[in-house]
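The following exercises are to be worked with the sequence and the coordinates at hand. Each task is followed by a stepwise solution.

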Amino acid sequence: MVDKKVVIYTTPTCPWCHRAKDYLSRKGISFTEHNVAEDREAAKEMIDKSKQMGVPVIIVDDEVVVGFNQSKLDGLLA
Amino acid sequence: MHDLIIVGGGPAGIAAGVYAARKQLKTLLISVDIGGQINNTWGIENYLGYQFIEGPELINKFQTQVSQFPIDQKIGDKVSQVSKIDGGFEAVTEAGDKYQAKAVILATGKKPRKLNVPGETELTGRGVTYCAICDGPVFTGQRVAVVGGGNSALEATLDMVKIAEHVDLVSLTPLTGDPILISQLANAKNLSVFTEHQTVEIKGKDLVEGALIKDIKNGKEKHLDVTGVFIEIGLVPNSDAVKGLVELNKQGEVTITPTCETTVPGLYAAGDVTDVPEKQIIVAAGEGAKAALQAHRYLQRLVK
């Protein structure tokens, strides 16, 4: 089974982002994190890919999940 | 049929779950998420046992504790309606699933109040946000507006003046937040404050491009050149699922007795969704415990 590529866009004080990262860690899934508060390029990338400006945005391979939507993530990471 | 359905997985619902499980009630917890409003809270300094704890960490602790008990959980589902049926109650979710129980505890908390102006819904997530603490940093270097006059709006403003190019604070009334926060606004060099101004419209096609506000004293309109709008105008109770079933007060909160009873026997309510005057995590947890114990008492006395 090929591992999924997971990318998460966050800001430092965003509680939902923290919960999303906890969730991924508990599932043993490695992910790349982009802090959009500091990385303006990443912020632009997040807005382009998710068509919106809220965090967190989690991208599993090519699927974009806006917000910590646990049931959707459960399905994508099964 | 379960003994008890708990609607809502914030502190009230989770505390109810722990108490119900320890009374060996066959319990089902249905909630959109675990943690509720705590998910939008960063620093907590007044929950007993912790000098300072971050919202997500506290939710993890609640979640770990409640998962030790044999409670059925349906997380990610939203109950759209609760109704009375023979022998108890039925809860129907937005997905159309139906669950029955002899008793119900409503612990659905509150959600951010909307302005209800043109452009608001269309541009939510596209420059309009109700969680300054989550999304604030995305707007670094931009011109933003904060709508509201209470502590949440003032705190959002004080956070944003540090990182935004400019902040416009718009409040329908004179500022109502803590004086210490209001006095700190005076230090900001990139802030304009518009009290007694109504937010009329949020403009923009794909992303927020501006906001239109109106001086309520003389009707004069003003365009704000902003790309972000933080709406912090208070909270409304999530009582839609029981509207028409139980008594609600003028604010839409479920009225309860000191033992968490609603006007319908067997239906209890706890936490921010009720008319309990203090909307605090520690109060919600206490109310959840009370509701579960009262539900247990009710179930013991039910004619079998």
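**Exercise 1. Describe the pairing of strand E15 (residues 210–215) of chain B and the sheet that contains it.**

Solution.
Step 1. Strand E15 of chain B and E16(B) run antiparallel and are joined by four bridges; strands here are DSSP runs of at least two residues (E) and helices runs of at least four (H or I), numbered from the N terminus. Two strands pair if DSSP finds at least two bridges between them.
Step 2. Within this pair, B:Leu212 has B:His223 of E16(B) opposite.
Step 3. The open sheet has three strands in the order E14-E15-E16 (chain B), paired antiparallel. Its edge strands, E14 (197–203) and E16 (221–224) of chain B, each pair on one side only.
Step 4. Neighbouring strands of this sheet are turned against each other by 25° on average, direction ignored; the axes are lines fitted to C-alpha atoms, for helices over the stretch in contact, and angles run from 0 to 180 degrees between N-to-C directions.

The model is predicted: local features need pLDDT of at least 70 and side-chain atom pairs count only at pLDDT 80 or more, whereas totals for chains, interfaces and linings use all residues. Residues are numbered from 1 along each chain as its sequence is written, and chains are lettered from A and ligands numbered from 1 in the order in which they are written.

**Exercise 2. Determine the strand order and the edges of the open sheet of four strands in chain A.**

Solution.
Step 1. The order is E2-E1-E3-E4 (chain A), and the pairing is mixed.
Step 2. E2 (32–35) and E4 (63–66) of chain A have a single partner strand each, so one side of each is left without a neighbour in the sheet.
Step 3. From one strand to the next, the twist averages 15°.
Step 4. Four bridges connect E1 (residues 6–10) and E3 (residues 57–60) of chain A in the antiparallel sense. A:Tyr9 has A:Val57 in E3(A) as its bridge partner.

**Exercise 3. Test whether the length of helix H2 (residues 55–67) of chain B agrees with expectation, and locate its buried side.**

Solution.
Step 1. The expected span is 1.5 Å times one less than the number of residues. For the 13 residues of H2(B) this should give 18 Å, and the end C-alpha atoms are 18 Å apart, which agrees.
Step 2. The buried residues of H2(B) are B:Gly55, B:Pro56, B:Leu58, B:Ile59, B:Phe62 and B:Val66. A residue is buried if 20 or more other C-beta atoms, placed from the backbone, lie within 10 Å of its own, exposed if 12 or fewer, and partly exposed in between.
Step 3. These residues cover an arc of only 155° around the axis, which puts them on the same side of H2(B); the arc is that of the directions from the helix axis to the C-beta atoms.
Step 4. Their packing partners include helix H1 (15–26) of chain A and helix H1 (11–22) of chain B. Contact requires C-beta atoms, placed from the backbone, within 7 Å.

**Exercise 4. Establish how H1(B) is covered.**

Solution.
Step 1. H1(B) has 12 residues and reaches 17 Å from first to last C-alpha, close to the expected 16 Å.
Step 2. Nine of the 12 residues of H1(B) are buried, among them B:Ile14 and B:Tyr19.
Step 3. The covering elements include strand E1 (2–9), strand E8 (98–106) and helix H6 (281–301) of chain B.
Step 4. After H1(B) comes B:Gln24, with a positive phi near 60°.

**Exercise 5. Which residues of chain A and chain B have a positive phi although they are not glycine, and which peptide bond is cis?**

Solution.
Step 1. Most residues other than glycine have a negative phi, and most peptide bonds are trans.
Step 2. A:Asp61 has a positive phi of about 55° and is found in the loop between E3 and E4 of chain A. With 11 other C-beta atoms within 10 Å, A:Asp61 is exposed.
Step 3. B:Asn116 has a positive phi of about 65° and is likewise exposed, with 7 other C-beta atoms within 10 Å.
Step 4. The peptide bond joining A:Val55 and A:Pro56 is cis, with omega about 0°.

**Exercise 6. How many residues are in contact between chain A and chain B?**

Solution.
Step 1. On chain A, 19 residues are in contact with 21 residues of chain B.
Step 2. H1(A) gives the most to the side of chain A that touches chain B, with five residues.

Terms used:
Contact = placed C-beta atoms within 7 Å.
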